[in-house]
Amino acid sequence: MTRIGLVGARGHVGEELIRLIAAHPHFELGFVSSRERDGQRVADHVSGFEGDLHYRNLSHEALPGEDVD
């Protein structure tokens, strides 16, 4: 399983990427970053997404510390 993180995932492209990655059998979302939606559930904004993943406001300096591939 490959873990992927998305930065700036609030817009239309981000939402479509969330759906595609979540539906892929070999990928999983490690984090989804958005300043405006920090702390909110991804499932509340992306139709068809299930799970308890929350948006996070991550700085670029914090990204290397995330557990993603």
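**From the loop at S34 to the whole chain**

S34 lies in the loop between β2 and β3, and in this predicted model that serine is a convenient place from which to enter the structure. With a relative accessibility of 3%, S34 falls under the 20% cut-off and therefore counts as buried. Leaving aside its neighbours within four places in sequence, S34 is in contact with R10, Y55, R56 and N57, while the side chain of S34 also reaches the backbone nitrogen of E36 at a distance of 3.5 Å.

Two of those contacts, Y55 and R56, lead on to strand β3, which comprises residues 55–56. This strand pairs with β2 in the parallel sense, over two bridges, and within β3 it is R56 that serves as the bridge partner of S33.

Strand β2 itself runs over residues 27–33, and because five of its seven residues are buried, the strand is largely enclosed by the rest of the structure. Strand β2 also pairs with strand β1, residues 2–7, again in the parallel sense and here over six bridges; within this pairing, L6 stands opposite V32 of β2. The connection between these two strands passes from β1 through helix α1, residues 12–23, to β2, and the resulting β-α-β crossover is right-handed.

What, then, is found between β1 and α1? The loop there holds G8, and since its relative accessible area is 56%, above the 50% cut-off, G8 counts as exposed. Although G8 and R35 are separated by 27 residues in sequence, their C-alpha atoms are 7.7 Å apart in space.

Taken as a whole, the secondary structure of the chain amounts to one helix and three strands, arranged along the sequence in the pattern β-α-β-β. Among the contacts between residues at least 6 apart in sequence, 51% join residues that are at least 24 apart. The C-alpha trace spans about 30 × 25 × 20 Å along its principal axes, and the radius of gyration of 11 Å agrees with the value near 11 Å that a compact globule of 69 residues would have. Of these 69 residues, 29% count as buried, and the chain exposes about 4500 Å², of which carbon and sulfur atoms supply 49%.

How values were computed. Residues are numbered from 1 along each chain as its sequence is written. This is a predicted model: local features need pLDDT of at least 70, side-chain atom pairs count only at pLDDT 80 or more; totals for chains, interfaces and linings use all residues. Side-chain values use heavy atoms; hydrogens and water are left out. Buried means under 20% relative accessible area, exposed over 50%, partly exposed in between (1.4 Å probe, protein chains only). Helices (H or I, at least four residues) and strands (E, at least two) are DSSP runs, numbered from the N terminus. Two strands pair if DSSP finds at least two bridges between them. A crossover is right-handed if, with the strands pointing away from the viewer, the path from the first strand over the helix to the second runs clockwise. A polar contact is a pair of N or O atoms within 3.5 Å; within protein, one must be able to donate a hydrogen and the other to accept it, and residues adjacent in sequence count only if both atoms are side-chain atoms. Contact means heavy atoms within 4.5 Å. The radius of gyration is taken over C-alpha atoms; the globule rule is 2.2 Å times the number of residues to the power 0.38. Accessible areas come from the Shrake-Rupley method with a 1.4 Å probe; for residues, only the protein chains shown count as cover.
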